[in-house]
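Visitor: I am new to this structure and would like to go through it step by step. Please show it to me before we start.

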Amino acid sequence: MTLAESYIKDWAKHSTLNIGQVLRHVRYLFDLPDTPRLQAAKQRAKWIVNDLIYAALPPQTHHTPEQIEELTGFTHTELLKMGYDPDYIPRGN
């Protein structure tokens, strides 16, 4: 695999994890413990924007090589589930 291919593959996996987080925030838009519905939606909207920004940015701009390496052993499906459900543990891990 070339350096460019590796870079793009890492970026795609990182983006998948972030998209999972966005989906979680959309699903629970009005649900945040001890928070009124409107305030919960405002906070989740901020997190959605943040996660979308980081999904678009290459992970190499804000993660260490070791952090990026942690994602390589997971499939895109696993990463999506990991982003959506912080308690999700892939079967092989």
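Visitor: What is the mean pLDDT of the chain?
Guide: This is a predicted model, and pLDDT is the predictor's confidence in each residue, from 0 to 100. Of the chain's residues, 98% reach 70 or more. The mean for the chain is 95.

Visitor: In which helix is confidence highest?
Guide: Confidence is lowest in helix α3, residues 65-71, where the mean is 93. At the other end of the range, a mean of 98 belongs to residues 37-56, which form helix α2.

Visitor: At what angle do helix α1 and helix α4 pack?
Guide: Two packed helices are described by the angle between their axes and by the distance between those axes. For α1 (residues 3-27) and α4 (residues 76-84), the axes are 7 Å apart. The angle is about 40 degrees.

Visitor: Is the crossing of α1 and α4 left-handed or right-handed?
Guide: Residues of α1 in this contact include Ala12, Thr16, Leu23 and Arg27, and those of α4 include His76, Leu80 and Tyr84. By class, the contact has eight nonpolar, five polar and three charged residues. The crossing of α1 past α4 is right-handed.

Visitor: How are the rings of tyrosine 7 and tryptophan 11 arranged?
Guide: Both residues lie in helix α1, four residues apart, which is about one turn of the helix. The count of aromatic pairs comes to one. Their ring centres are 6.0 Å apart and their planes stand at 85 degrees; planes over 60 degrees apart count as edge-to-face, so the pair of tyrosine 7 and tryptophan 11 is edge-to-face.

Visitor: Is tryptophan 11 buried, exposed or partly exposed?
Guide: Partly exposed covers the range between 20% and 50% relative accessible area. Tyrosine 7, at 34%, counts as partly exposed. Tryptophan 11 has 28%, so tryptophan 11 is also partly exposed.

Visitor: Which residues does proline 58 contact, leaving aside its neighbours within four places in sequence?
Guide: Proline 58 is in the loop between α2 and α3. Its relative accessibility is 12%, and because buried means under 20%, proline 58 counts as buried. Beyond those sequence neighbours, the residues in contact with proline 58 are Tyr7 and Trp11.

Visitor: And which residues does asparagine 18 contact, with the neighbours within four places left aside?
Guide: Asparagine 18 is part of helix α1. With a relative accessible area of 6%, asparagine 18 is buried. Outside those neighbours, asparagine 18 is in contact with Asp51, Tyr54 and Ala55.

Key:
Residues are numbered from 1 along each chain as its sequence is written. This is a predicted model: local features need pLDDT of at least 70, side-chain atom pairs count only at pLDDT 80 or more; totals for chains, interfaces and linings use all residues. Side-chain values use heavy atoms; hydrogens and water are left out. Axes are lines fitted to C-alpha atoms, for helices over the stretch in contact, and angles run from 0 to 180 degrees between N-to-C directions. Helices (H or I, at least four residues) and strands (E, at least two) are DSSP runs, numbered from the N terminus. A crossing is left-handed if the near helix is turned anticlockwise from the far one by less than a right angle, and right-handed if clockwise. Contact means heavy atoms within 4.5 Å. Ala, Val, Leu, Ile, Met, Phe, Trp, Tyr, Cys and Pro count as nonpolar, Asp, Glu, Lys and Arg as charged, and the others, Gly among them, as polar. Rings of Phe, Tyr and Trp (its six-membered ring) pair if their centres lie within 6.5 Å; planes under 30 degrees apart count as stacked, over 60 as edge-to-face and the rest as tilted. Buried means under 20% relative accessible area, exposed over 50%, partly exposed in between (1.4 Å probe, protein chains only).
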